[in-house]
Structure formats: C-alpha cells, structure tokens
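Welcome to a short set of exercises on reading a protein structure. Keep the picture open, try each task yourself, and then follow the solution step by step.

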Amino acid sequence: MADALLTIAGLQAWYGESHILHGVDFEVGRGELVTLLGRNGAGKTTTLRSIMGIVGRRSGSIRFDGAEIVARTSDAVARAGIAYCPEERGIFSSLSVEENLLLPPVVRPGGMSVGEIFELFPNLKERRRSQGTKLSGGEQQMLAIGRILRTGATLLLLDEPTEGLAPVIVQRIGEAIRALKSRGFTILLVEQNFHFAATVADRHYVVEDGRVVDMVRGSDVQANLGKLQTYLGL
Amino acid sequence: MFELLGIAPQALFGQLLVGLINGAFYAMLSLGLAVIFGMLNVINFTHGAQYMLGAFAAWLMLTVLNIPFWIGLVLAPLVVGLFGVVLERLLLKRLYHLDHLYGFLMTFGLALVIEGVFQWKWGSSGQPYPNPIPGGTNLGFMFLPTYRAFVVVAALVICLATWFAIERTRLGGYLRAATENPTLVRAFGINVPRLITLTYGLGVGLAALAGVLAAPIYQVSPLMGQNLVLVVFAVVVIGGMGSILGSIVTGFGLGLIEGLTKVFYPQASSTVIFVIMAIVLLIKPAGLFGRTR
Ligand SMILES: Nc1ncnc2c1ncn2[C@@H]1O[C@H](COP(=O)(O)OP(=O)(O)OP(=O)(O)O)[C@@H](O)[C@H]1O
Ligand SMILES: [Mg+2]
C-alpha cells in the first residue's frame, strides 16, 4: 500500500505458554476503516492487544507511522498515537462519566474537544456527573469510544463496539464511527456483527486460528458473501 | 451530670483529647496504608517502621544538625519518602505478580531489619524531643496543651488534603483508575509503574510525617511504631481495606472510642478496638466503608 499507517507482518503472540497468534499480516492505510472479522477465539482481540503492547510476549513487526513499535510498552504505544477501546469497555466505576472522559492524557495536538465529543454523543453530556458504570450498556460504549477521541491519537482500535447492544444503539454507534472516519481518523475495527461491519468498512480481513487468511474489499462483499459466511460460520 | 456519672470532667475531656490525638495518628497511618494497598496490592507492614524513621529523622536532624522542628517536619518526610521510593524500585516491584504472602514477608522482614538496626544503634529506650510549641490554654473544664491542639488540626488538614488529592484532582483520578485497571490506564499512555512508585513514596512520606508530629508527644524510640501499627491495621480492617474516607473517619472515631473506654471501663481500653474489629468482620467483612471487589 502506498500510504500505510499501520503495517503488521509475521506477528506472533503468546499468553503464557499458549501460542495464540501464528503470524498475522495486514495493513491499514491512512484514513482507512478496516475490520478484522472472525469466529470466537480466532485471535482478533489478541491482535489489538498485541498492537497496544498489552500481550506479554509477542514477536514480528508492527510498524506505525514509519516506526517499529512491537517492542514498546503500552504507554509508549499510546503516546505514539494509537488509542484503544477494549471489548469489555473498561469504564472505571470509581470515576464519574466526565472523569472517565478526561482520563486519557492528550498525547499530541489535533484531538477532538470535549464539546465535539458531547455533540457526537449527547447522552454523555446529560449524564456527565453520574458514576461511569451507572450508565446503560450503550452509553458506556459511547463513553469508551468518546474518551479516546480527545488524545490526538490518529489510529483507533475498536473491539466489538456493537456487542450486546440494541439495534437502535448499534445504528447510533455506526453513525458515530462513520463521522469519525470522515473526520480523518484511521480505524481498525474488530467485529462479529458482519452486517454492521459491511456498512462501515473499506476493507475486511478474515482472522482464523491466529492468522489472517483472507481480505475482501467493501465493494466486493456482495460477490464474496458465500465465502465470508463460511469463514464466519454464519 | 458529671458528678452523676461519678467522673470528673477533667478526666473525661483529658481522655477524649488523648483519644483524639491517638485517633489523629491512626487516621494518618491508616490513610497511607489504604492508599498503598489500593495501588500496590501490598499490605505495607513496614509502615510502623517508616513512622519511626520519620520521628528519628527529625530527632537526628535536631540533635546532630540543629535543624529546627518546623524544617524537620518537611524535610524528614521527604527523606523517608525517598527511602520508600528506593525500596519500591529495588524490592517491592518484583513482588506484584506474586501471591500477597510475598509482599507480607518482604515488608514485615524489612520492618524487623530497620527496627533492629535502630535498636542496635540507639537501644530501646526513648529519646525526648523538645516540645516546639510549649504552653497551653485553660479551657475551664480542662487544660489544652497548644502543641496537641496543633497536632489534631494538622492531622485533619493532612487527611483532608490527601482525600482531596485523591478524589478531586487529575493525578488522583489516575490513581483511582489505576487501582481498578492498571493495564488499561497504562494503555492510555500513563506511566503506571512510575505512578506506583510515587504512590508508595507518598504513603511512606505520610507515615514519616505522622512520626515527626508524634516525636514531641511520645518519645522517639526504635519500637515506637510497633505497638501503634497493630492498632492501625485493626483500624484499616474496620474501615475497609483501601477506602480513603473510611480510614480517616474510622481512625479518629476509634481513637475517641478508645479514650472513652479509658474513662468508663479502663480494663478494656487496650482491647476495645480489636473487639470492634471482630464484630465488624462478622457483620460486614469488607469493613464499614469497604467495597467488595
Ligand atoms: N488471558 C488469556 N490467557 C490465555 N488464553 C487466552 C487469554 N485471552 C484469550 N486467550 C485465548 O486466545 C485465543 C484468542 O482469543 P481472542 O480473545 O483474541 O479471540 P477473539 O477473536 O477476540 O474472540 P471473540 O470474538 O470471542 O472476542 C482464544 O483461544 C482464547 O481462549
Ligand atoms: Mg475478542
């Protein structure tokens, strides 16, 4: 790719003795929205956690914005400009909504203002004094996404942001994600909800048993529907 | 009314003041323990020794270097806090991924070593520390020594400032968040290991500050922290492990209860706190202010 922001090659990762990723290769262009699709346990979350530097042991290459970051600690990865929204959302119960939102430090200029984030997710503004974990599931998801938009990070890693949410909320999240893409964010999205993924993404990578096994462009999804459904066990 | 109970008001208020002073130290020490436990997941059994180090540092500064109390009050906690930072970097940080037992053994062993060294050098007898604010006020019903009043106020200010720093500031937010989920906080770009070191240094500095304040009231001796810290652990258990406000309220409250017990049923005064601890553990195992995690 001419202008890749993230290039991953031969990424392997382990949890203790279990070898989880067996050589993951893919790339994400600047301003692109790319998904990782795959069945439960395929290694999608582990891939995001490896990029973030959270997985204990990893090898291979992760190039971000021209720099090799595979050996960096997670705080250094964040300061390089990658922000992570975990699958379990990770809202802090001892912090208010506002404190949760303001927690991640700004690592570089160009992030969104709190006002812009409230515009994107008006619910958060109304509930900013509440305890973070008192929010509904959908609001917690908005908070988990909202709080990584201030930092100036250019690459967002979103892990299953629609998991367990009602269709209306999924739609809201989808609109927000499209708005973020048009604002220039590069987004790597992990999804089980293929129909949702198909509506937002430029390209899809399929993950299976700790490897990327296929890539499908957004425009080719219809033509490859059968193949994708087999991959995902739908 | 006092005659009715057969108790002289001087005795009652005198014991209440003693209780308040003791409570002030319980509160300051249990606060540091709570902060350290929340962040490091280590029960800092060196806390009593670090309190003693604060008193000794101030005493040495005064007697050897002629540094007056008020400067020692700032300098001694800094020095001892720095010692805490070194301990954390050198020893404690190797234990976080292990069972609680290792943290217990390490901090308990350190306390024995530190107290042993001071006992070997200075013996067990106490060294007097001159009262920096002599004099007092006759309130009619009792005599209030100025320095003791100062200690109560200072402890309150220190406790509230610590509470404010943790509950209302940005750094405090990092601390609360990292107590819940250090991995995620680090993935947001915050240097959590440094935060942990800082927390330990602050907790230890707080113990040393209490030690300096205690020096003019109690004598400065190598084992001065040992008896106190036992009670403080009971306070922490009663208040709820890791609860900031709980430590403050329980610390002062139990000091007062202890003082009152001395007036009304002196035989029980040394055990009342442990009796309360047993009852609280039976009824509310997480402590009065504790959250079950
Ligand atoms: N902390 C861990 N320790 C050991 N094994 C783990 C750990 N976390 C995940 N695994 C294993 O790693 C494999 C990949 O897990 P991962 O969470 O990356 O899958 P995923 O693709 O995100 O799945 P899902 O769609 O269910 O979220 C699974 O077999 C899982 O059991
Ligand atoms: Mg997952």
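Accessible areas come from the Shrake-Rupley method with a 1.4 Å probe, and for residues only the protein chains shown count as cover. You are looking at a predicted model, in which local features need pLDDT of at least 70 and side-chain atom pairs count only at pLDDT 80 or more, while totals for chains, interfaces and linings use all residues. Residues are numbered from 1 along each chain as its sequence is written, chains are lettered from A and ligands numbered from 1 in the order in which they are written, and side-chain values use heavy atoms, leaving out hydrogens and water.

**Exercise 1. Describe the surface and overall size of chain A.**

Step 1. The accessible surface of chain A is about 9300 Å², and 48% of it belongs to carbon and sulfur atoms.

Step 2. Of its 234 residues, 53% are buried (under 20% relative accessible area; exposed is over 50%, partly exposed in between, with a 1.4 Å probe and protein chains only).

Step 3. The C-alpha trace of chain A spans about 45 × 40 × 35 Å along its principal axes.

**Exercise 2. Work out the strand order of the open sheet in chain A and find its edges.**

Step 1. Strands (E, at least two residues) and helices (H or I, at least four) are DSSP runs, numbered from the N terminus. Two strands pair if DSSP finds at least two bridges between them.

Step 2. The sheet has 6 strands in the order β6-β7-β8-β3-β9-β10 (chain A), with mixed pairing.

Step 3. β6 (82–85) and β10 (211–217) of chain A each have a single partner strand, so they stand at the edges.

Step 4. Take one pair: β6(A) and β7 (residues 155–159) of chain A run parallel and are joined by 4 bridges. Here A:Tyr84 stands opposite A:Leu157 in β7(A).

**Exercise 3. Classify the crossing of α11 and α12 in chain B.**

Step 1. Axes are lines fitted to C-alpha atoms, for helices over the stretch in contact, and angles run from 0 to 180 degrees between N-to-C directions.

Step 2. The axes of α11 (residues 244–264) and α12 (residues 272–283) of chain B come within 9 Å and cross at roughly 125°.

Step 3. The two helices are therefore oblique to each other (under 35 degrees is roughly parallel, over 145 roughly antiparallel, 65 to 115 roughly perpendicular, the rest oblique).

Step 4. Residues making the contact (heavy atoms within 4.5 Å) include B:Leu254 and B:Glu258 of α11(B) and B:Ile276 of α12(B).
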